[in-house]
Amino acid sequence: MKLNTFFQIFVPKDRKFFPLFETSAENLVRGAILLNKMLLIEDATQREAVIIEIKEVEKAGDDITHEIFDELNSTFITPFDREDIHRLTSTLDNVLDLINSAAQQIKLYKIESIQSEFIQMSELILQATREIETAIRELRNLKKIADIKKSCIRINEIENFADDVYNIAISDLFENEKDAVRLIKIRDILASMEMATDCAEDVSDVIKTIIVKQA
Amino acid sequence: MKLNTFFQIFVPKDRKFFPLFETSAENLVRGAILLNKMLLIEDATQREAVIIEIKEVEKAGDDITHEIFDELNSTFITPFDREDIHRLTSTLDNVLDLINSAAQQIKLYKIESIQSEFIQMSELILQATREIETAIRELRNLKKIADIKKSCIRINEIENFADDVYNIAISDLFENEKDAVRLIKIRDILASMEMATDCAEDVSDVIKTIIVKQA
Amino acid sequence: MKLNTFFQIFVPKDRKFFPLFETSAENLVRGAILLNKMLLIEDATQREAVIIEIKEVEKAGDDITHEIFDELNSTFITPFDREDIHRLTSTLDNVLDLINSAAQQIKLYKIESIQSEFIQMSELILQATREIETAIRELRNLKKIADIKKSCIRINEIENFADDVYNIAISDLFENEKDAVRLIKIRDILASMEMATDCAEDVSDVIKTIIVKQA
């Protein structure tokens, strides 16, 4: 029996961390939904309203992150290793930051016509965040470890697929886009989205570490 | 009473870490002053002399970093968590590295005319490093926790402001700069400076963690 | 006597971690050899076959990384600090990732003529990985600490030299390359290779930490 398990007898329900992780994951999904929605809007002014919403979701994410860190620093017994709580929180935050970066770049770079690859990438990001949310909900009781593992495998597959989409898009871009300034803009946005899926995989790696330790 | 507090009764003064942190913070401020000074020099040759000085400050920073790590690895009782000492040292080092990167890019890219945004960013970096220095000086006795918190809030505000300066500058750049090569150069330098303020916020986050734990 | 040393009396040979570190280092050297070999091939189609091999080496590296992490999560007594094992594994992985990135960029960007600086950088990366392999082999018994230190110093020198090669190449590029799209491509590839040597230095830093603690 691990020390943590031992203490959990007396603290049967973690009333602090799990709800915070779940809020963080829900907020992340919200950001991913908005990114996808925004990219499907044709009118640039209407798009900007959603970009502002994404910024707010990102700020809400920062607040949750700080709340978890404060909790971590003032709590003696944690549901799993402090280091893993730290990494889970940070990696969740990184995914949302990159979703926000991609959205802000659309605005900053005054992108008018949305490339189909942007939409495709945003769908992959959305799928990855939904898998993250599923996995995090199950972390609470750890009864469905097989389901958590399945979500982690899915995140990994999504990341591989996003890699391929990114690589093909970049290869096309460098071959066909003669306007270097536009090329830089498109590449930046694609890179932000591709990194968001990389960071989703980092989240999945932390989750895998957590379940291995609890096994 | 924490274990560290207990041991501190017998080791009332930390004779090693605090002076090293302070030296690191002073050296960082020195780098930020030189970056700002260099950007205000009109003559490119004179500028280059200061860029060489910045490189030296960055090397001095590396030496301090290694000294802290060696100390950490050979010391049993530390004034606060080893992990936080590690992170404080690394994040301080990152700020200085980015100050040096920005300076070296000015030289590498043979930038002749300095953009006003470069100067503005360098002033923000300088302010952030001064707040870092203030906060680190107070870490030693922790009597003025309110002051440390105030510095951390200021660093956060500076980072937000630097974000806005960066975003407006990038938006302008992509709209008006028709020479893509020049655009890349300017963007790189702005990005290095914006990342320096991000890293200053990382320093402030570690400091906040340290004071929460000691509270 | 450290606790680890104490336990090592009863676990005289670490049968798990050292062979895995060595496999990881060997695999890294293999990647570096292939990168160098690929850049020396004149025919683009033949080059592509080696780029595919590099991708496979990178995947093999991922498998080793995951194996070490699984081992770490399920092992109670480790040959040195868990955190250092984690960092050693991650930093080794980062070097290989960047070797693979550089190789993939050559393909994605449809680079026809290989710049001499690419070859030079790949030689430096290869030297650095060989020094890493040497140092990691010696970690097992720690009898030749002077040799490990020598390798670390060599890695540091290689990184400094790679920095100079990179800076001169970038400076030349920005001065002479009028085609911005080509400039971006070349810069990306050089940056991947320069970062590979930075990451090699991170490996050397972890190794130095490990030997300081064991001393």
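1. Let's start with how the copies are arranged in this predicted model. Turn chain A by 120 degrees, with a shift of 0.0 Å along the axis, and chain A lands on chain B with an RMSD of 0.0 Å. That is how a three-fold axis relates copies.

2. If the turn-and-shift wording is new to you, here is the background: two copies of a chain are related by a rotation about an axis and a shift along it. Chain C fits the picture too: a rotation of 120 degrees with 0.0 Å of shift superposes chain C on chain A, again at an RMSD of 0.0 Å.

3. Which residue of chain A comes closest to the rotation axis? Look for A:A180, whose C-alpha is at 3.5 Å from the axis. For chain C, the residue that comes closest is C:A180, also with its C-alpha at 3.5 Å.

4. Do the copies meet through the same surface or through different ones? Only 10% of the interface residues of chain A are also interface residues in chain B, so the copies meet through different surfaces. The pair of chain C and chain A tells a matching story, since 10% of the contact residues of chain C recur in chain A.

5. Now zoom in on where chain A meets chain B. The contact takes 10 residues from chain A and 10 residues from chain B. On the side of chain A, the elements giving two or more residues are α3 (44–74) and α7 (180–214). The largest share of that side, 4 residues, comes from α3(A).

6. What kinds of residues does chain A bring to chain B? Its side divides into 5 nonpolar, 2 polar and 3 charged residues.

7. Next, follow α7(A) over to chain C. The axes of α7(A) and helix α3 (residues 44–74) of chain C come within 9 Å and cross at roughly 40 degrees. That angle makes α7(A) oblique to α3(C). As for handedness, the crossing of α7(A) and α3(C) is right-handed.

8. Which residues make this helix-to-helix contact? From α7(A), pick out A:T209, A:V212 and A:K213. From α3(C), the partners are C:F69, C:D70, C:N73 and C:S74. Sorted by class, the contact of α7(A) with α3(C) has 2 nonpolar, 3 polar and 2 charged residues.

9. One thing to take away when you go back to the 3D view: α3(A) and α7(A) both give two or more residues to the side of chain A that touches chain B, and α7(A) also crosses α3(C).

Definitions and conventions:
Residues are numbered from 1 along each chain as its sequence is written. Chains are lettered from A and ligands numbered from 1 in the order in which they are written. This is a predicted model: local features need pLDDT of at least 70, side-chain atom pairs count only at pLDDT 80 or more; totals for chains, interfaces and linings use all residues. Copies are superposed by least squares on the C-alpha atoms of residues with pLDDT of at least 70 in both. Two residues are in contact if their C-beta atoms, placed from the backbone, lie within 7 Å. Ala, Val, Leu, Ile, Met, Phe, Trp, Tyr, Cys and Pro count as nonpolar, Asp, Glu, Lys and Arg as charged, and the others, Gly among them, as polar. Axes are lines fitted to C-alpha atoms, for helices over the stretch in contact, and angles run from 0 to 180 degrees between N-to-C directions. Angles under 35 degrees count as roughly parallel, over 145 as roughly antiparallel, 65 to 115 as roughly perpendicular and the rest as oblique. A crossing is left-handed if the near helix is turned anticlockwise from the far one by less than a right angle, and right-handed if clockwise.
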